[in-house]
Amino acid sequence: MQQNQRASITGIGSYVPGKVLTNYDLEKMVDTSDDWIIQRTGIRERRIVENGQITSDLATQASLRAMEDAGVSPKDLDMIITSTITPDHIFPSTSCYIQQKIGASRASAFDILAACAGFIYAMSIGQSFVNSGAMETVLVVGAECLSKITDYTDRSTCVLFGDGAGAVIIQKSSTKHEILSTSLAADGSQADILIMPGGGAKNPASLASVQQRNHYIQFKGKEVFKLAINNITNLIIETVTKNGLGLEDIDLIIPHQSNLRIIEATMEKLGLPMEKAFVNIDKYGNTSSASIPIAIDEARKEGRLSKGDIVMLVAFGGGLTWGSSVIRW
Ligand code: UT7
């Protein structure tokens with residue numbers, strides 16, 4: 001391996017469950033309409049787990065696909081990092097279940113929690129371990145069963161979320177997709193505007209916490225919406241500047257898929273055309289940690305990524321947390 005090789009994405013895989021929940025299905029569950037959901041969010045349908053499928057199952061399928069794509073075997077993996085807000089259990093980590101399910105017995109394994117920005121956070125950890133030389137091959141996963149923490153009696157949240165998983169392999173390479181830089185940010189002063197209040201040390205599960213519907217996602221949609229646009233826009237500008245690039249150098253932005261209007265407003269503020277943003281929210285809704293790796297995989301399969309392209313990954317979510325990563329494809 002040459003000295004100047006840097007951490008790169010050498011394999012990509014994704015997996016979504018087969019069951020489709022359409023806007024028309026939701027019309028039968030809450031007071032909403034296909035028109036409202038499409039106009040306000042861009043979402044037409046989302047995937048939902050069934051038959052006992054759980055987060056580590058989705059993650060396992062995505063991971064096996066990423067490993068096959070990179071040409072690595074389970075025993076090659078040094079580390080597994082999973083970003084999820086819907087782990088199989090609060091502990092042990094979902095990464096440990098993935099390690100067992102894929103047979104990666106040499107790999108260390110742990111989860112990280114940074115909500116919708118979690119995949120970028122997880123990738124930055126993998127990137128650092130690989131660049132430092134401490135690890136050669138790291139599996140980074142974003143996987144969610146958001147349907148398990150979605151309140152299907154609350155129309156303001158239940159139309160938004162879906163289930164899915166995506167994964168990448170990070171290794172040093174001179175031919176694959178180099179991670180040029182990663183930027184991370186957080187603002188804990190706004191922690192309570194996007195939250196699942198029940199189930200932790202502050203509000204452990206109790207009859208009251210269940211009756212108060214505290215084990216579901218709750219958020220102040222409008223506030224999150226505005227903060228998302230401003231923070232993502234500023235971060236993209238900072239990130240290109242840090243890399244000695246201009247906005248015009250970006251070939252494709254792959255944003256976290258939370259709302260089509262957030263993506264449109266961001267592109268407008270940046271003065272970039274929508275053709276430079278990858279969008280698949282119509283098919284999957286918001287899959288939190290999983291949305292970016294699923295989108296990378298689909299963008300590649302759709303021929304949207306060519307060798308040498310500058311690709312910007314950007315995400316924003318609960319914490320609040322946000323982050324970006326620039327890849328030379
Ligand atoms: O991934 C992490 C980051 N998450 C996000 O970034 C999500 C950010 N927020 C959003 O995407 C948007 O704020 C929402 C999609 C959640 C809501 O869109 P909005 O345009 O901000 O709608 P709103 O909450 O201001 O509600 C407008 C109206 C209200 O009715 P009134 O008060 O005007 O009569 C709501 O009750 O729309 C009503 N409404 C609905 N109507 C039909 C809210 N949800 C629905 C619904 N169907 N599902």
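According to its unreviewed UniProt entry, the annotation "active site" covers three residues here: Cys116, His256 and Asn286. These residues span 171 residues in sequence, yet no two of their C-alpha atoms are more than 8.8 Å apart, so they gather at one spot. Of these residues, His256 is included in the lining of the largest cavity. Keep in mind that you're looking at a predicted model.

**Around the annotated residues**

Let's start with Cys116. You'll find Cys116 in the loop between strand 5 (108-112) and helix 5 (118-132). Leaving aside neighbours within four places in sequence, Cys116 is in contact with both of the other annotated residues, His256 and Asn286, and also with Ser288, Ser289, Ala315, Phe316, Gly317 and Gly318.

Asn286 sits in a loop as well, between helix 10 (281-284) and helix 11 (291-301). What does Asn286 touch, not counting residues up to four places away in sequence? The list includes Cys116 and His256, along with Ile43, Leu146, Leu160, Phe161, Gly162, Gln257 and Ser258.

**A strand residue: Ile254**

Now for Ile254, which is part of strand 11 (residues 252-255). Leaving aside neighbours within four places in sequence, Ile254 has contacts that include Phe278, Ile292, Ala295, Ile296 and Ala299, plus a run of Val311, Met312, Leu313 and Val314. For a sense of distance, take Ala107: Ile254 and Ala107 are 147 residues apart in sequence, and their C-alpha atoms are 29 Å apart in space.

**Buried or exposed?**

Here's how three of the residues above come out:

| Residue | Relative accessible area | Status |
|---|---|---|
| Cys116 | 12% | buried |
| Asn286 | 6% | buried |
| Ile254 | 0% | buried |

Why do they get that label? Buried means under 20% relative accessible area, and Cys116 has 12%, Asn286 has 6% and Ile254 has 0%.

**A buried charge: Asp88**

Last up is Asp88, found in the loop between strand 4 (79-83) and helix 4 (94-102). Which side chain of opposite charge is nearest to Asp88, and how far away is it? That's Lys101, 4.6 Å away, and Asp88 is buried yet has no salt bridge. A salt bridge needs a side-chain nitrogen of Lys or Arg within 4 Å of a carboxyl oxygen of Asp or Glu.

Asp88 does have a polar atom in its side chain that lies 3.4 Å from the backbone nitrogen of Thr55. Not counting residues up to four places away in sequence, Asp88 touches Thr55 together with Ile54, Ser56, Thr94 and Tyr97.

How values were computed
Residues numbered from 1 in each chain as written. Predicted model: local features only at pLDDT ≥ 70, side-chain atom pairs only at ≥ 80, totals over all residues. Heavy atoms only, no water. Helix = DSSP H or I, 4+ residues; strand = E, 2+ residues; numbered from the N terminus. Buried < 20%, exposed > 50% of the residue type's maximum accessible area, 1.4 Å probe, protein only. Contact = heavy atoms within 4.5 Å. UniProt positions renumbered as here; feature names shortened; annotations may be inferred. 1 Å grid on protein atoms, 1.4 Å probe; cavity = no way out; pocket = protein on both sides within 12 Å on 5 of 7 lines; lining within 4 Å. Lys, Arg positive; Asp, Glu negative; His and termini not counted. Polar contact = N/O pair within 3.5 Å; in protein donor to acceptor, adjacent residues only side chain to side chain.
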